[in-house]
Amino acid sequence: MNEVAELSRSKLRKARFTKKLLVILQEYSNLLVVKIDNVGSNQMQLVRIALRGRAVMLMGKNTVIRRVIRDNIEKFPHFEALLPIIVGNVGFVFTNDNLAEIRKIVLDNKVPAAARTGAISPCDVFVPPGPTGLDPGQTAFFQALNITTKILKGSIEILNTVHLIKVDEKVSLSHVALLDKLGIKPFFYGFKVSLVFENGNIYDADILDITDDILTAKFMQGVRALAAISIEIGYPTVASVPHSLRNGFKKILAIAVATEYSFTEAEQVKAYIANPDAFAGDEEEEEEEEEEEEEEEEESEGGGGGLFGDAEDDY
């Protein structure tokens, strides 16, 4: 009877999960694929709370998720691309919100964790210099790890910063013992966003680090390169025409200055070349106006006339 009841409960859980997944597939078109190694249930709950109203986190058996997608492939054909990556200890964060913002929420939820023997260090671990609070009887332990110490006021003090564990290095029993003695939890465990699924396309999560400013800078770099090539080969393009017009104007202006030919802009240049002293007063007035404008800007930025006083008076 117990086995039959357990089997019935298992079928009921699968049916509920299938129904939930179908609703999610219907509602959301984008998702983050997250690795959940070393992530506890409490931490998952905190992330779910942080995502509430913006995204839905789904964890379940890979076989069940793949089966649901395959059985409904005609209804959700764009999710077929997910099938090859539903392997290992992974979860999914479904959303229609900004993927970069959702990823930040997921990654920001980390918890400190103690080192464990045999684990691969995800980062470099340093032990800072200073008093340890340990009695002098444990000096031999530090000597075995080649850590320079001295006794100060009845306590062991580490003299220099110690690079204890390197990134991707296996944590040893001695490492764990020392960190436990010092009360150091060197690692932070959390979700790792590995892939992004957006409207049927899958790409690395690192692409979300590309901001609008970076895209604009890259675009303008391409425009400048295109303009330079167009000018060099004499083939006009939208990018090169402004530069060509400017260069052409410079040549016409140079010809006008060297000949009897003239036009409005050339007259001004010719007058300046003929008598530069006549423009000295105008230049001084322009410089004074610029200085006055700069002083006005400085006064408006922090001259003490603000509603709450000077910026330096912040508490």
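## Strand β3 and its neighbours

In this predicted model, Phe92 of β3 is the bridge partner of Leu58. Leu58 belongs to strand β2 (residues 55-58), which pairs with β3 in the antiparallel sense over 4 bridges. Strand β1 is also joined to β3; these two run antiparallel and share 6 bridges. Within β3, Val90 stands opposite Lys35. In general, strands of a sheet pair through backbone hydrogen bonds, either parallel or antiparallel.

The side chains of β3 divide into two sets: Val90, Phe92 and Phe94 point one way, while Gly91, Val93 and Thr95 point the other way. This fits the general rule that in a regular strand the side chains alternate between the two faces of the sheet. Is β3 enclosed or open to the outside? It is largely enclosed by the rest of the structure, because 6 of its 6 residues are buried.

## Nonpolar cores

The largest nonpolar core has 23 residues. Those with the most contacts inside this core are Leu21, Leu31, Ile69, Phe79, Leu82, Phe92 and Phe94. At least two residues of the core come from each of α1 (2-27), β1 (30-35), α3 (62-71), β3 (90-95) and β11 (192-198). Both helices and strands therefore contribute to this core.

Which residues does Leu82 touch, leaving aside those up to four places away in sequence? They are Leu31, Ile69, Phe197 and Ile202. Apart from the largest core lies another, of 20 residues, which includes Leu51, Ile102, Val106 and Leu208. As a general tendency, nonpolar side chains in soluble globular proteins are buried together.

## A nonpolar patch at the surface

Some nonpolar side chains lie at the surface: Ile207, Ile210, Ile214 and Leu215 make a nonpolar surface patch of about 340 Å². Ile210 is found in the loop between β12 (201-204) and α7 (212-233). The relative accessible area of Ile210 is 43%, so this residue counts as partly exposed.

## Salt bridges

The count of salt bridges comes to 5. One of them joins the side chains of Asp71 and Arg67, at 3.7 Å from N to O. Asp71 and Arg67 are separated by about one helical turn, because they are 4 residues apart in helix α3. Asp71 counts as exposed, at 55% relative accessibility, whereas Arg67 is partly exposed, with a relative accessible area of 36%.

Another salt bridge is formed by the side chains of Asp209 and Arg103, with an N to O distance of 2.3 Å. This pair links distant parts of the chain, 106 residues apart: Asp209 is in the loop between β12 and α7, and Arg103 is in helix α4 (residues 99-108). Is Arg103 buried or exposed? Arg103 counts as buried, at 11% relative accessibility, while Asp209 is partly exposed, with a relative accessible area of 45%. Helix α4 also holds Lys104 and Asp108, which are 4 residues apart, about one turn of the helix. The side chains of Lys104 and Asp108 meet in a salt bridge of 2.8 Å, N to O, and both residues are exposed. In addition, Arg54, Asp97 and Glu101 are joined into one network by salt bridges that share partners.

## The sheet of β6, β7 and β8

An open sheet is formed by 3 strands in the order β6-β8-β7, with antiparallel pairing. Why is one side of β6 and of β7 left without a neighbour in the sheet? β6 (130-131) and β7 (149-152) stand at the edges, and each has a single partner strand. The pairing of β7 with strand β8 (residues 155-158) is antiparallel and runs over 4 bridges. Among the residues involved, Ile151 has Ile156 in β8 as its bridge partner.

## The chain as a whole

The protein chain contains 10 helices and 12 strands. Of its 315 residues, 29% count as buried. Among contacts with a separation of 6 or more, 71% are between residues 24 or more positions apart. The accessible surface of the chain comes to about 21,400 Å², and 54% of this surface belongs to carbon and sulfur atoms.

Conventions: Residues numbered from 1 in each chain as written. Predicted model: local features only at pLDDT ≥ 70, side-chain atom pairs only at ≥ 80, totals over all residues. Heavy atoms only, no water. Core = buried A, V, L, I, M, F, W, Y, C linked by side-chain atoms within 4.5 Å. Buried < 20%, exposed > 50% of the residue type's maximum accessible area, 1.4 Å probe, protein only. Contact = heavy atoms within 4.5 Å. Patch = residues over 30% accessible without salt bridge, like charges linked within 9 Å, V, L, I, M, F, W, Y side chains within 5 Å. Areas by Shrake-Rupley, 256 points an atom, 1.4 Å probe, with all protein chains shown as cover. Salt bridge = Lys/Arg side-chain N within 4 Å of Asp/Glu carboxyl O. Pairing = 2+ DSSP bridges.
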